[in-house]
Amino acid sequence: MKKLFVLILAVVLFVPAFAQAQDETGGLSPRAWVLIGADTVLCAATVLAVVQQNTLAADYEKLVSNMGSDYDEAGYWRMMYEKEKVTAAEDLVLISAISAGAALAYTALDLFWLHHVFDGDVKVKTGFNLYSAEYSVLVSTDF
């Protein structure tokens, strides 16, 4: 499963760089669709990893409650094996969540500031009023 995330991360990083720059119909470019699709896939993979981790953790807790504190050596090694599966699933959740977060952060950064994939028609203006201690954010786009 970790190899799948490495492959998805490679697609997220390299495919938008080689896709076409602009769509002729005036819609989103293919690069933007690839970026949004990669975000969607990474978020879905994160959700699936969380579901898998919760299922394995529930199975482990059920095993511990069924076996109690009186078990033999084979039971001990089985519990250790199940605990290692839960730990590996936790690592997968961490990796997938960081990957999805980084992809979403890059998409937002590109949309509002970098403009490598998205056109530069979105403008963000921020401000701070010293007298009222209020922050303001204005997001505008050209139609």
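Which residue just after α2 takes a positive phi? Select G68: its phi is about 70°. Keep that residue marked, because the tour comes back to the end of α2 on its way into α3.

**Whole chain**

Start with the full view. This is a predicted model. Colour by secondary structure and pick out three helices and two strands. Walking from the N terminus, the order is α-α-α-β-β. Switch on the surface next. About 10100 Å² is exposed, and carbon and sulfur atoms supply 65% of that area. Of the 143 residues, 24% count as buried. Now think about contacts between residues with a separation of 6 or more. Of these, 47% join residues 24 or more positions apart.

**Helix α2**

Select residues 30-67, which make up α2. This helix has 38 residues. From first C-alpha to last it reaches 55 Å, close to the 56 Å expected at 1.5 Å a residue.

Zoom in on A49, which lies in α2. Is A49 buried or exposed? Its relative accessible area is 0%, so A49 is buried. Show what surrounds A49. Beyond its neighbours within four places in sequence, A49 contacts L92, V93 and S96. Then draw a distance from A49 to E90. These two are 41 residues apart along the chain, yet their C-alpha atoms are separated by 8.3 Å.

Follow α2 to its end. Just after the helix you meet G68 again, with its positive phi of about 70°.

**Helix α3**

Select residues 73-114 for α3. How far apart are its end C-alpha atoms? They are 58 Å apart. The 42 residues of α3 should span 62 Å at 1.5 Å a residue, so the two values agree. Step off the end of α3 to H115, where phi is positive, near 60°.

Go back into the helix and select M79, a residue of α3. M79 is buried, because its relative accessible area of 10% is under the 20% cut-off. Which residues touch M79, leaving aside its neighbours within four places in sequence? They are Y60, L63, V64, M67 and Y71. For one of these, L63, draw the C-alpha distance to M79. The two are 16 residues apart along the chain and 7.6 Å apart in space.

Move to E82, also in α3. At 14% relative accessibility, E82 counts as buried too. Leaving aside its neighbours within four places in sequence, E82 is in contact with Y60 and L63. Both of those residues also contact M79.

**The largest nonpolar core**

Select L56, Y60, L63, M79, V86 and A89 together and show side chains. These six residues form the largest nonpolar core. Helices α2 and α3 each supply at least two residues of this core. M79 belongs to this core, and its contacts include the core residues Y60 and L63. For background, nonpolar side chains in soluble globular proteins tend to be buried together.

**The hairpin**

Turn to the two strands. Select residues 122-129 for β1 and residues 134-141 for β2. In which sense do β1 and β2 pair, parallel or antiparallel? They pair in the antiparallel sense, over eight bridges. To see one bridge, select G127 and its partner in β2, S136.

Next, look between the strands. The hairpin has four residues there, and A133 takes a positive phi near 55°.

**Aromatic pairs**

Finish with the rings. How many aromatic pairs does the count come to? It comes to two. Select Y76 and W77. Their ring centres are 5.2 Å apart and their planes stand at 75°, so this pair is edge-to-face. Y76 counts as partly exposed, at 35% relative accessibility. W77 is exposed, with a relative accessible area of 53%.

The other pair is F128 with Y135. This one is tilted, at 4.7 Å centre to centre and 45° between the planes. F128 is partly exposed, with a relative accessible area of 43%, whereas Y135 counts as exposed at 71%. F128 falls within the residues of β1, and Y135 within those of β2.

Definitions and conventions. Residues numbered from 1 in each chain as written. Predicted model: local features only at pLDDT ≥ 70, side-chain atom pairs only at ≥ 80, totals over all residues. Heavy atoms only, no water. Buried < 20%, exposed > 50% of the residue type's maximum accessible area, 1.4 Å probe, protein only. Contact = heavy atoms within 4.5 Å. Areas by Shrake-Rupley, 256 points an atom, 1.4 Å probe, with all protein chains shown as cover. Phe/Tyr/Trp six-rings, centres within 6.5 Å; stacked < 30°, edge-to-face > 60°. Pairing = 2+ DSSP bridges. Core = buried A, V, L, I, M, F, W, Y, C linked by side-chain atoms within 4.5 Å. Expected span 1.5 Å × (residues − 1).
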